[in-house]
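Reader: I am new to this structure. Please show it to me, and then let me ask about it.

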Amino acid sequence: MLKEALYHRPKNNFAYAYDEQTLHIRLRTKKNDVGSVQLIYGDPYEWRDGNWLQRYEPMIKTGSDVYYDYYLASVRPEFRRMRYGFELTDVNETLVFTEKGFFETAPTNDIAPYFCFPFLHPVDVFKAPDWVKNTVWYQIFPERFANGNSSNDPEGTLAWGSAEPTPTNFFGGDFLGILQHLDHLASLGISGIYFTPIFKATSNHKYDTIDYLEIDPQFGTKEEFRQLVDACHEKGIKVMLDAVFNHSGFYFGPFQDVLIHQDHSHYKNWFHIREYPVVTDPLPNYDTFAFEKTMPKLNTANPEVKDYLLHVARYWIEECDIDGWRLDVANEVDHQFWRDFRRNVKSIKADAYILGEIWHDALPWLQGDQFDAVMNYPFSSLVLDYIARSNINALEFTEKISGILHSYPENVNEVMFNLLGSHDTERILTVTGGNTKKVMQLFVLLLSFPGTPCIYYGDEIGMTGGRDPGCRNCMKWNPDAQNHDLFANLQRLIRLKKEVPSFSAKGPLSFLTSDDTPDLLTFVKAADDEKLLFAFNASAVEQTLNPTLFRSAQQLINIWTNEPLNSDAAKVPPGDFLIIKWNAN
């Protein structure tokens with residue numbers, strides 16, 4: 001065994017409380033290096049005749065990435081405390097891995113070498129809202145979804161869809177337009193809407209906030225927004241708003257005061273200003289988002305700034321009953337602010353969803369004291385590389401996605417915000433080169449994966465567009481411009497997710513892709529005795545499923561066509577997928 005590859009730490013994603021009684025213990029080993037692993041564990045205070053009382057629990061291999069295998073044991077210590085180590089066996093040796101090193105046999109007269117989980121405190125369990133696990137989100141860029149009231153259009157507004165989107169043009173999207181089309185979302189099966197910013201700002205994207213407590217007039221009034229939220233709730237649709245607390249807009253009142261009064265401004269410490277006078281060109285001499293002079297970075301450690309922004313967070317929940325916050329550029333704001341933000345928000349709406357925009361490893365924000373989840377862009381990138389771009393095969397996808405899944409506790413993965421595209425990325429039909437079969441593969445993978453899935457507006461009807469601003473084009477409401485087959489197939493897929501227990505199961509996936517099937521992505525989800533096999537063939541050649549997968553099956557059903565399948569001839573056509581249900585007994 002390669003001892004240097006073994007890794008465990010009694011915290012974070014390797015040892016954590018899954019719920020108020022259950023501990024998850026993970027171990028990392030070199031790939032294909034260990035035959036079996038057992039967890040050795042016991043209560044630190046249970047002894048008999050001078051020997052520590054130990055229990056053994058087999059650990060299951062839950063996945064492999066490029067270099068490592070990962071093992072998991074789920075245990076429920078009677079007194080919620082535990083000392084533990086690992087017994088590893090291969091063809092040549094058995095050894096015991098502890099916090100203090102390696103032993104040939106497990107020590108029984110001394111617990112000092114063992115790893116320690118001191119106590120499982122219910123207050124320390126990572127808890128995200130349960131409703132999120134069953135939510136299918138839909139992201140709306142309000143300026144481009146629908147224009148329901150032309151009287152509030154900004155000056156120079158263009159006719160709907162009459163031009164290509166640019167960073168500066170307007171088409172008049174508003175709340176009334178969204179309200180008029182809620183049936184479209186309800187029909188699709190949507191149960192949550194994520195709005196990009198709606199607060200007063202000069203741009204069409206509204207990420208340059210002028211006033212966090214006012215609706216931008218081009219979208220409507222506060223009363224109209226309340227009506228929209230109420231209408232969503234009546235249809236079983238949650239509402240999540242986008243907040244930019246990392247930076248304000250150039251015309252935010254306090255920043256304008258600094259520009260006028262310079263170092264005499266009461267608000268000079270609301271920002272990170274390096275010297276006076278304040279200048280914007282050629283580069284700003286104050287911290288900004290990127291080097292964008294119109295987006296000065298807020299000093300969230302300043303008590304006045306913090307009080308103002310926390311008031312904003314409470315205000316929209318209390319005034320309009322929103323259900324969550326998506327937090328822009330969340331990784332550039334100090335951790336203490338987010339801890340205070342969470343306490344603030346959860347104190348007035350305990351089941352509010354707090355989502356951070358972080359594009360990289362986000363474990364420091366997902367300890368239960370800051371965010372419920374982050375936008376899962378690593379998932380997006382891998383899914384698109386596999387299905388849309390064909391840059392990697394199924395085996396490479398499995399290895400890389402397993403690495404991502406093992407980067408977080410299981411109860412974090414269950415609420416991660418999974419997406420295929422957004423207002424910052426190319427539309428998925430564009431990435432696939434117009435291939436709607438690939439788009440359906442993407443949707444199946446999105447909706448079957450652990451987490452809460454999000455569909456970008458217009459993707460359900462086959463809209464295209466490049467990166468910003470191309471992806472921010474006007475929603476196509478002309479039926480002749482919509483792909484109705486794509487909509488109907490996605491509608492059906494969402495219905496299956498809601499109605500088939502093994503489809504909606506929250507547990508981890510069991511990947512079956514191997515060296516023998518590098519071009520066929522397969523994984524199993526299970527609920528009670530029912531199993532569901534998902535198979536994706538992103539290659540250009542037909543792939544055959546291994547019939548031993550179904551050896552115990554009485555009958556195989558392709559739940560997409562609702563037809564029986566012959567396990568000896570279960571084939572996946574090129575660029576297609578299968579979803580197969582069978583009884584596990």
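Author: What follows is a short round of questions and answers on this predicted model.

Reader: In what order do the eight strands of the open sheet stand?

Author: The sheet is open, and it has eight strands. Their pairing is parallel. Read across, the order is S20-S19-S18-S17-S14-S13-S22-S21.

Reader: Which strands stand at the edges of that sheet?

Author: An edge strand here has a single partner strand, so one side of it is left without a neighbour in the sheet. That holds for residues 373-374 and for residues 417-419. The edge strands are S20 and S21.

Reader: Where does Gln139 sit, and is it buried or exposed?

Author: Gln139 lies in strand S13, which covers residues 137-140. Buried means under 20% relative accessible area. Gln139 has 1%, so Gln139 is buried.

Reader: What is the bridge partner of Gln139 in S14?

Author: S13 and S14 run parallel, and four bridges join them. Gln139 also touches residues farther along the sequence, including Thr196, His423 and Tyr457. Tyr194 is one of the residues it touches. In S14, the bridge partner of Gln139 is Tyr194.

Reader: Which residues of S14 point the other way from Gly192 and Tyr194?

Author: Gly192 and Tyr194 point one way from S14. The residues on both sides are buried. Pointing the other way are Ile193 and Phe195.

Reader: Which residue of S17 is the bridge partner of Gly192?

Author: S14 is joined to S17 by three bridges, and the two run parallel. Gly192 belongs to S14. Its bridge partner in S17 is Lys238.

Reader: What is the bridge partner of Met240 in S18?

Author: Strand S17 spans residues 238-243, and strand S18 spans residues 324-327. Four bridges join them, and they run parallel. In S18, Met240 has as its bridge partner Gly324.

Reader: At about what angle does helix H3 run to S17?

Author: Helix H3 covers residues 222-234. It lies across strand S14 and S17. Its angle to S17 is about 140 degrees.

Reader: Which helix gives the largest share of the largest nonpolar core?

Author: That core holds 144 residues. Phe225, Trp316, Trp325, Phe341 and Phe443 touch the most other members. The largest share of the core is 10 residues, and it comes from residues 303-320, helix H5.

Reader: How many residues are in the other core that lies apart from it?

Author: Met1 and Met59 are among the members of this other core. So are Phe86 and Leu88. The number of residues in it is 25.

Definitions and conventions. Residues are numbered from 1 along each chain as its sequence is written. This is a predicted model: local features need pLDDT of at least 70, side-chain atom pairs count only at pLDDT 80 or more; totals for chains, interfaces and linings use all residues. Side-chain values use heavy atoms; hydrogens and water are left out. Buried means under 20% relative accessible area, exposed over 50%, partly exposed in between (1.4 Å probe, protein chains only). Contact means heavy atoms within 4.5 Å. Two strands pair if DSSP finds at least two bridges between them. Axes are lines fitted to C-alpha atoms, for helices over the stretch in contact, and angles run from 0 to 180 degrees between N-to-C directions. A nonpolar core is a set of buried Ala, Val, Leu, Ile, Met, Phe, Trp, Tyr and Cys residues joined through side-chain atoms within 4.5 Å. Lists of a residue's contacts leave out its neighbours within four places in sequence.
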